[in-house]
Amino acid sequence: MTAQTKDTGTDAFLTARPRLFAAAYRMLGSVTDAEDILQDAYLRWQSAPKGEVLDATGYLMRITTRLCLDQLKSARVRRETYPGEWLPEPVLTDETTELLDHDVSVALLLALDALSPLERAAFLLHDIFDSSYNDVASALNRTPEACRQLATRARRKVQARRPDAPSNPDQGAALTEAFFRASKTGDTAALTQLLTKDVQLISDGGGKAMAALNPIYGRDKVLRLLAGLARKSDQTVPEKWRACQLNGLPAVLSRGEDGILQATSLDIRDGRIACIYVTRNPDKTGHLASVLG
C-alpha cells in the first residue's frame, strides 16, 4: 500500500469519525468505551481492501456497529452485577463536540439501555443516522424486513420511556446554580421552590463512591437526602465547581473534600427541576477532570 493510499484511508476515517463516535457513544453509553471502539475500527480499516470499498463511511459504520454489538454482550453481563443505579457516562455538550448533531440526553440513553443490542443498533442506524434498512441489514447481518421489525419495536419502547424534550438548557443556568448552592448549604426552603413535587434523583457511584443504591422519588424524600448530605459536608459550597452543559442538560461539575469529581445534571420542566442525575463513579467522570482546571 502506498503512502498516498494510506493517507487517503486515514482521511476517510477522520471524515467519518464524528459520526462513528456519535453512534458508538449512543450504543454503549460510555465515552471511554466509544473511544476504544474507534481505535479498533481504525485498525480494521487499515487492513481493509480500500479499492473494493465504494462507501467508506458506510463500511466504517458497519465495522463500528459490529464492534459495539460484541462489546454489549459483555457489558450486559457486567451490568447484572453493577452496584446500584447505572447512568451513562456524561459528555460535555456546551462546546463544539461530535455529539451535538442529535439528542444525547440521559433520558434517551436510559431508554436505549432498556433495548436489546440489536434493537438499539437498528433504531440508531435507521432513526438517528438515517441509514436505509438495506444498510442496517448489512451492518447487522439480518434481512431488511427483520431490521424494520427491530427498529419498530425499539421505536415503540423508546417512545414509551422517553419524556418530552426538556427545557432549553441555557434558560436553566441560573436555576442550576441556585439548586447547586441550596443543595450544598442545606437550604430546604429554596429547594422546595426549585423542585417539582414528583422530582426524582438518580445517582451512580459504581460501588466506588457514595451514592444512593436506588432512585429517590418525591420532593420530601429528595429534600431529606440533600439536607443530610449538606450536614455531612458542613453545609458549605465546594471551592472547585463549574456550571456547564452535560448531555444537553444544564449541569454542575464539582469536587468535594473527599476528592470525588461529581457531575450533577438537571432535567428542568416548566421552570422546575423534574429529575436530578448525579454521576460519582470516578471511572465515568475522569475524562471531565480537566474542565475544573
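These are my notebook entries on a few things I looked up in this structure, which is a predicted model.

**Entry 1: the annotated stretch**

I began with the UniProt record. The entry is unreviewed, and it lists residues 17-76 as "domain: RNA polymerase sigma-70 region". I then checked what the chain does there. Residues 17-76 come out as 82% helix and 0% strand. The C-alpha atoms at the two ends of that stretch are 26 Å apart.

**Entry 2: aromatic pairs**

How many aromatic pairs does the structure hold? I found three, and I wrote up two of them here.

I took F13 and Y42 to begin with. Their ring centres sit 4.9 Å apart and the ring planes make an angle of 55°, so I logged the pair as tilted. F13 belongs to helix α1 (residues 3-28) and Y42 to helix α2 (residues 31-46). With their positions 29 residues apart, the pair links distant parts of the chain.

Are these two buried or exposed? F13 has 6% relative accessibility, so I put it down as buried. Y42 has 21%, just past the 20% below which a residue is called buried, so Y42 goes down as partly exposed.

Next I looked at F180 and W241. This aromatic pair is tilted too, with 5.0 Å from centre to centre and 35° between the planes. Where do the partners sit? F180 is in helix α8 (residues 173-185), while W241 is in strand β3 (residues 240-246). They are 61 residues apart, and this pair also links distant parts of the chain. F180 is buried, at a relative accessible area of 3%. W241, at 23%, is partly exposed.

**Entry 3: helix α6 and what comes after**

I moved on to helix α6, which covers residues 133-140. Which of its residues are buried? My list has Y133, V136, A137, A139 and L140. Looking down the axis of α6, I see these buried residues fall within an arc of 165°, so they line one face of the helix.

After α6 comes N141, and I noted that its phi is positive, near 55°.

**Entry 4: a look at E145**

My last stop was E145, which I found in helix α7 (residues 144-161). Its relative accessibility is 44%, so I marked E145 as partly exposed. I also checked E145 against N134, eleven residues away along the chain. The C-alpha atoms of these two are separated by 8.9 Å. N134 falls within the residue range of α6, so I filed this separation right after my α6 notes.

Definitions and conventions:
Residues are numbered from 1 along each chain as its sequence is written. This is a predicted model: local features need pLDDT of at least 70, side-chain atom pairs count only at pLDDT 80 or more; totals for chains, interfaces and linings use all residues. Side-chain values use heavy atoms; hydrogens and water are left out. Buried means under 20% relative accessible area, exposed over 50%, partly exposed in between (1.4 Å probe, protein chains only). Helices (H or I, at least four residues) and strands (E, at least two) are DSSP runs, numbered from the N terminus. The arc is that of the directions from the helix axis to the C-beta atoms. Rings of Phe, Tyr and Trp (its six-membered ring) pair if their centres lie within 6.5 Å; planes under 30 degrees apart count as stacked, over 60 as edge-to-face and the rest as tilted. UniProt positions are given in the numbering used here, feature names are shortened, and annotations may be inferred rather than shown by experiment.
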